[in-house]
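Q: Got a minute to walk through this one with me? I'd like to start with what's tucked away inside.

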Amino acid sequence: MTGITDGCGDTPQKKHCPHFACGYVPSGDDPRAHIRHRNELCGPLATIFHVSNATETWRMGLFGWLRRLFGNEEQEGQPPGAAGSGRRRQRKHRRVKLAPLRYDLVRRKLARAAAGNATVTVRDYRFARPGIHGGWLDLSQDLDEGRLERFQLPRFRQPEELARWLEIPLGQLAWLVHRFDDDQRPADEQSAHYVYRWIKKRSGGVRLIEAPKKKLKRVQRVILDEILDRVPPHPAAHGFVAGRSIRTNAASHAGQRVVVKLDLENFYPSVSLNRVAAIFRSLGYSREAAIWLGRLTTAALPARLALENPPNPALHPYRGRRLPQGAPTSPALANLSAFPLDLRLSGMARSFGAQYTRYADDLTFSGDERFLRSLAVFLPLVGQIVRSEGFTLHKSKRKVIRNSQRQTVTGVVVNTRPNIARRDYDTIKAILTNCIRRGPSTQNHARHESFAAHLRGRIAHVAQLNPARGAKLLALYAQIDWNK
């Protein structure tokens with residue numbers, strides 16, 4: 001078999017048509033008859049199928065010709081199943097599976113042996129937990145001085161020392177973690193230390209905001225300032241980190257051939273109490289101190305909401321004890337809980353020649369043409385890593401944006417360099433122009449308490465990405481008469 005051709009041949013002296021058993025024989029030396037046959041009958045069919053040997057066409061027979069025409073007969077020199085039309089077979093990528101992580105079991109056994117038996121006969125401190133086979137659990141002896149010294153963190157082993165460091169009574173500390181309540185959770189909204197509020201998501205659904213009340217918020221602020229802010233997150237994390245912003249997150253992806261955006265579903269609720277306590281343990285605190293710090297920085301729904309019948313589907317991600325969205329300590333703890341995820345994804349992206357950043361729950365990858373062609377292998381590996389780290393990808397929010405489209409990362413256009421979207425710039429410019437003409441009171445549709453500060457903030461955002469456009473907007477802002 002040969003490739004595609006566009007006619008019967010160049011000369012009419014051939015005895016038969018070489019393409020099909022059509023029985024055509026050139027008459028005389030008139031080349032027009034040959035051309036007419038090629039254009040009207042055999043030429044169109046020859047663009048689909050072509051046989052190089054005229055003798056072979058006579059041996060085929062009518063049914064053989066039909067089988068070859070419709071792709072039901074195997075072609076010579078090809079394996080079974082390879083025949084058919086001339087369509088290019090799509091290459092199938094073999095699914096790549098990650099090798100399981102290897103943990104140093106010997107080191108863990110030595111650490112357990114060094115910790116010794118935690119069961120004692122005499123309770124050494126208040127609120128010690130009873131042992132399973134009697135006695136008391138002393139979980140305050142496995143503090144790691146070396147790790148605490150590394151980040152200059154405060155030292156405390158047990159609840160009394162923690163309360164003394166927070167400058168609050170021990171009873172108030174136990175009250176803040178609901179130590180005296182059933183299941184260690186509040187009975188209703190009034191006895192809870194959080195204010196609950198539902199807000200709508202832009203993508204649909206609702207999100208639970210849990211803002212801590214005054215006393216708990218002060219304690220969480222101390223934990224944030226004295227412990228969490230001293231521990232640096234992964235370099236790929238740009239959300240809620242001092243010195244980093246949406247601009248630094250987007251700058252790594254400017255001028256790339258393709259940008260891939262993924263989203264972690266229910267990012268904060270995915271970080272449970274066990275993960276938070278493990279974070280404090282990794283910093284060097286004892287098990288007892290890590291549990292108390294974890295309960296001070298996590299939240300549990302009131303029993304009335306958690307056990308309501310019929311159950312509310314919107315409350316399903318929030319039933320366990322997890323990070324509250326609204327607490328000052330939650331962003332830092334979320335970044336630290338995602339440190340292994342950032343470590344693995346950045347390493348894998350580097351092996352594919354790609355860039356990786358994360359802003360809160362937004363994962364962004366970018367790369368060249370080679371990275372674009374490897375996405376069929378790369379994306380399943382990302383899903384395996386995310387699942388193995390205890391998170392879930394939001395399937396409907398996956399986007400693959402090529403450089404022929406407008407590429408945006410956390411609201412910043414990155415096709416050539418970090419820049420503000422033209423539509424956003426035009427919107428702010430129109431608001432400022434109307435403020436000059438009609439007065440600022442006519443443009444405060446969202447009822448901002450300080451509309452002037454709101455406009456200055458939006459102008460500062462534009463100036464951060466595009467100083468020239470920011471200067472133009474600032475000149476318009478200076479012309480506003482705030483007495484109108």
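Q: How many residues of helix H10 are buried?

A: Keep in mind that this is a predicted model. In helix H10, residues 287-297, 9 of the 11 residues are buried, so the helix is largely enclosed by the rest of the structure.

Q: Which ones are the buried residues of H10?

A: They are Glu288, Ala289, Ala290, Trp292, Leu293, Gly294, Arg295, Leu296 and Thr297.

Q: And what covers the buried residues of H10?

A: The cover includes five helices you can pick out by number: H5 (159-166), H6 (170-176), H7 (214-226), H9 (273-282) and H12 (330-337). Strand S3 (194-200) is part of the cover too.

Q: OK, switching to strands. Why is S5 largely enclosed by the rest of the structure?

A: Strand S5 covers residues 258-263, and 6 of the 6 are buried, so the rest of the structure largely encloses it.

Q: Which residues point which way from S5?

A: Val258, Val260 and Leu262 point one way, while Val259, Lys261 and Asp263 point the other way. All of them are buried, the lysine and the aspartate included.

Q: Which strands is S5 joined to by bridges?

A: One is S7 (residues 362-367), joined to S5 by 6 bridges and running antiparallel to it. Another is S8 (residues 399-402), also antiparallel, with 4 bridges to S5.

Q: What stands opposite valine 260 in S7, and what is its bridge partner in S8?

A: In S7, valine 260 faces phenylalanine 365. In S8, its bridge partner is valine 400.

Q: Now the hydrophobic stuff. How many residues are in the largest nonpolar core?

A: That core has 74 residues. Those with the most contacts inside it are Leu173, Ile227, Leu228, Phe280, Tyr285, Leu296 and Phe365. Helix H15 (residues 375-388) gives the most to this core, with 7 residues.

Q: What is isoleucine 227 in contact with, leaving aside its neighbours within four places in sequence?

A: Isoleucine 227 contacts Leu153, Pro154, Phe156, Trp165, Val222, Phe280, Leu283, Tyr285 and Leu293. Apart from that big core lies another core of 23 residues, among them Val259, Leu455, Val462 and Ile480.

Q: Last topic, holes. How many cavities of 30 Å³ or more does the structure hold?

A: There are 6. The largest cavity has about 70 Å³ of space.

Q: What lines the largest cavity?

A: It's lined by 13 residues, and His178, Tyr194, Thr298, Ala299 and Arg321 lie nearest its centre. By class, the lining has 8 nonpolar, 3 polar and 2 charged residues.

Methods
Residues are numbered from 1 along each chain as its sequence is written. This is a predicted model: local features need pLDDT of at least 70, side-chain atom pairs count only at pLDDT 80 or more; totals for chains, interfaces and linings use all residues. Side-chain values use heavy atoms; hydrogens and water are left out. A nonpolar core is a set of buried Ala, Val, Leu, Ile, Met, Phe, Trp, Tyr and Cys residues joined through side-chain atoms within 4.5 Å. Buried means under 20% relative accessible area, exposed over 50%, partly exposed in between (1.4 Å probe, protein chains only). Helices (H or I, at least four residues) and strands (E, at least two) are DSSP runs, numbered from the N terminus. Contact means heavy atoms within 4.5 Å. On a 1 Å grid over the protein atoms alone, a cavity is a set of points where a 1.4 Å probe fits but cannot get out, and a pocket is an open set with protein on both sides within 12 Å along at least five of seven lines; lining residues have an atom within 4 Å of a point. Grid points are joined across faces, edges and corners, and a volume is the space filled by probe spheres set on the points. Ala, Val, Leu, Ile, Met, Phe, Trp, Tyr, Cys and Pro count as nonpolar, Asp, Glu, Lys and Arg as charged, and the others, Gly among them, as polar. Two strands pair if DSSP finds at least two bridges between them.
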